[in-house]
Amino acid sequence: MVEPEAGERGETAGERTDLELLALELLDTAVAGMGGQNRAGQHEMAKHVARAIETGEHLLVQAGTGTGKSLAYLIPLIAHAMESNKPTLVSTATLALQTQIVGRDLPRLLETINPELERPVSIALVKGRANYVCRHKLEGGFPSEEPAEGQLFSLGEDTSVPHLAAAIGGPASQLGKEVLRLREWAAKTTTGDRDELMPGVTDRAWRQVSVTSMECLGAQKCPMAEECFSELARHHAAESDVVVTNHAMLAVSAFEGLAVLPEYDVVVVDEAHELQDRVTGAVSGQLSVAMIHAAASSARKHTAITVDALNAAADRLELALIGAPSGLLPNGLNDEQLDCVDQLREACRAALSDSKGDSSNAVDGGRQLARSRLMLILELCERLLSARENREVVWFSRNSTFDPQQGYSAPDEDSPALINIAPLSVAGRLREGLFAGHTVVLTSATLAIGAAFEATAGGLGLTGQGAPSWTGVDVGSPFDYPKQGMLYVAKHLPKPGRGTSPEALDELEELIKASHGGALCLFSSRRAAEDAADAMRSRLDVDILCQGESTMAALVRQFAEEEDTCLFGTMSLWQGVDVPGGSCRLVVIDRIPFPRPDDPLMTARSRAVAQAGGNGFMAVSATHAAIRLAQGAGRLIRSTGDKGVVAVLDSRLSTERYGSFLRAALPPFWPTTDRSVVRGALERLYAESAKSGS
């Protein structure tokens, strides 16, 4: 970009290149133009983000709810993008925040600061390939493919061709109607992005018109590459100033080295407390006997090769897994199982070699589909055989089945074992693939425990020998937590066991009675939420909504609109509810959100810390719980006018030694263990709300 002449904007050329100064000026303009007020934390955060971009030093910045952190990082990013020949990235954990940034935050911001910029700022949104309609598939470029018996192939595909009525149950079926609507929409849309389709469709219907990255023929072979929505989105991103994506795409770019994102020099990772788990999930794998048979069937059907060796390897592996208990395999697969995986690897290699076919056949979707399945299985075999050497965790799991009498899903111990693999740590790969060569700003309302960022930094590869330099800063919150909120720990309750105790249900009843509803109740399991909802409906004269009874969006909307309604749910509500005002005046947390004691990956990580001389429980389980607990408690105060109580029905938060560690991660609410004090506060709060409402 050509530097403007000194004085063109009332500044010297030297001042114009000062990113920090420019960012703060633009922030003032934006806040004034959007009718807001300058917030000290927002100003401080923008300054630190600009400084990190200028120095190249990585930044961890904790910004409490209400700080306005998206504005605080977007403005320095935009200012930098105007001078850079590469796009800047924003990565989020959730589609909701991704949509908010692209659909609301950035447009509003640019509307206010565009007059201060030398040229318009271009924005792009990049998602995984399966989020876009595949034009080639719409035109019949992929064959009809029946799912494996008992489950879909692990790639998540039901690759029926949408124009074949028989494959979708006919146009009169619900699936057929959805697919016909998809085809009509696909002819009109300019993006092909599933999130722009209103109303939406089922996952099964969407699979009829989309492909995964492994199924895709690629730009070199696909006859419709020039019209491909996914490719067009990537081309647009490469030419844009700001690119918004998600943690899974960031993980694929960092771990696989695939060009799924444009070259960038700066990235802001929002919802950074989720990065380690999202990256781990994106690079985890699962192998099943059903997958192997499905791949063999697909290869026989679409490449006409002999698949006897594949089926024999699958049968042998099935025998080796009979009776294998679910759970962590500390030493990986046993010798017999490893031999079976090795045999499977060789069978996959031979099948891939035999199925190459005529390379000039550029549009053979069936061959591509079959080979993609074989390549995935081959990759999993390679990982399983070198798991110990590469410090990967291996465990067995089983599919869950729904028990209509109990009303919840549970593992089916009679079903075939599934082999899972995931990296013990993603720190090293993130250090190489993300932090090396880029400036990274990580932000969230919950990054530090107390004043310490080391736990988060360590999990992401920013500590230890050879780690890059970084700075951690907490810019605070605009809320007066001690005056606006109270933290109540039910110290008198028994230590939680299996299920919800009668004493905890009695305590929950008393709290909701005192608050006259307006309670968001967060539970560690779906069954606990449902059982508690059933119990409270029989005891209380307030409306109680429970997760699973409607869509999450509809439940949250009703909860927000009806001030005395309660909402019960699980982990997805711990982070996904933003309801300011009187509708959420009580947040109840049933127990400390430790990972399940039988969680294989957490168990392996705890053991690894202990073997290195550390405290595995504190480094893994307690740290995980602290961040989740802070996220749950953060649902209470969402604006400067909010008041209320966070009630934790787990006495261990007060009685156990690790309780102080967990409390250090929470907002500084006024603390108490006196139930009468809390009931009085809730009664007064309801009376104030009712008086102001009248």
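A salt bridge is a side-chain nitrogen of Lys or Arg within 4 Å of a carboxyl oxygen of Asp or Glu. Keep that in mind as you look at this predicted model, where the side chains of arginine 539 and glutamate 509 meet in just such a contact, with 2.9 Å from N to O. Arginine 539 belongs to helix α20 (residues 526-539) and glutamate 509 to helix α19 (residues 502-515), so this pair ties together parts that lie 30 residues apart in sequence. Are the two partners buried or exposed? Arginine 539 is partly exposed, at 32% relative accessibility, whereas glutamate 509 counts as buried, at 12%.

A search of the whole structure finds 28 salt bridges. One of them joins arginine 628 to aspartate 277, with the closest N and O atoms 2.6 Å apart. This pair links distant parts of the chain: arginine 628 sits in helix α24 (residues 616-633) and aspartate 277 in helix α11 (residues 275-282), 351 residues apart. Arginine 628 has a relative accessible area of 8%, so it is buried. Aspartate 277 is partly exposed, with a relative accessible area of 28%.

Next, find glutamate 382 and arginine 345, whose side chains form a salt bridge at 3.2 Å, N to O. Glutamate 382 is in helix α15 and arginine 345 in helix α14 (residues 335-354), and the two are 37 residues apart. Here too the partners can be told apart by their accessibility: glutamate 382 is partly exposed at 29%, while arginine 345 is buried at 17%. The pair also belongs to a wider group, since salt bridges with shared partners join Asp342, Arg345, Glu346, Arg349 and Glu382 into one network.

Now follow helix α15 itself. Its 21 residues (365-385) should span 30 Å at 1.5 Å a residue, and the C-alpha atoms at its ends are indeed 30 Å apart. Of these 21 residues, 17 are buried, so α15 is largely enclosed by the rest of the structure.

Helix α3 (residues 40-55) is another one to trace. Its 16 residues reach 23 Å from the first C-alpha to the last, close to the 22 Å expected. Which residues of α3 are buried? They are Gly41, Gln42, Met45, Ala46, His48, Val49, Ala50, Ala52 and Ile53. A general rule helps when you look at such a list: an α-helix has 3.6 residues a turn, so residues three or four places apart point the same way. The buried residues of α3 pack against helices α2 (19-33) and α4 (69-81), and against strands β1 (58-62), β5 (266-269), β12 (439-444) and β13 (470-474). Just after α3, glycine 56 takes a positive phi of about 80°.

Let us finish with a sheet. Seven strands form an open sheet in the order β16-β17-β15-β18-β19-β14-β20, with parallel pairing. At its edges stand β16 (544-546) and β20 (670-672), each with a single partner strand, so one side of each has no neighbour in the sheet. Neighbouring strands here are turned by 15° against each other on average, direction ignored. At one edge, three bridges join β16 to the parallel strand β17 (residues 566-569), and leucine 545 stands opposite leucine 567 in β17. Helix α24 packs on this sheet, touching β15 (519-522), β18 (586-589) and β19 (644-648), and its direction makes about 155° with that of β18. You have already met α24, as the helix that holds arginine 628.

Definitions and conventions. Residues are numbered from 1 along each chain as its sequence is written. This is a predicted model: local features need pLDDT of at least 70, side-chain atom pairs count only at pLDDT 80 or more; totals for chains, interfaces and linings use all residues. Side-chain values use heavy atoms; hydrogens and water are left out. Helices (H or I, at least four residues) and strands (E, at least two) are DSSP runs, numbered from the N terminus. The expected span of a helix is 1.5 Å times one less than its number of residues. Buried means under 20% relative accessible area, exposed over 50%, partly exposed in between (1.4 Å probe, protein chains only). Contact means heavy atoms within 4.5 Å. Two strands pair if DSSP finds at least two bridges between them. Axes are lines fitted to C-alpha atoms, for helices over the stretch in contact, and angles run from 0 to 180 degrees between N-to-C directions.
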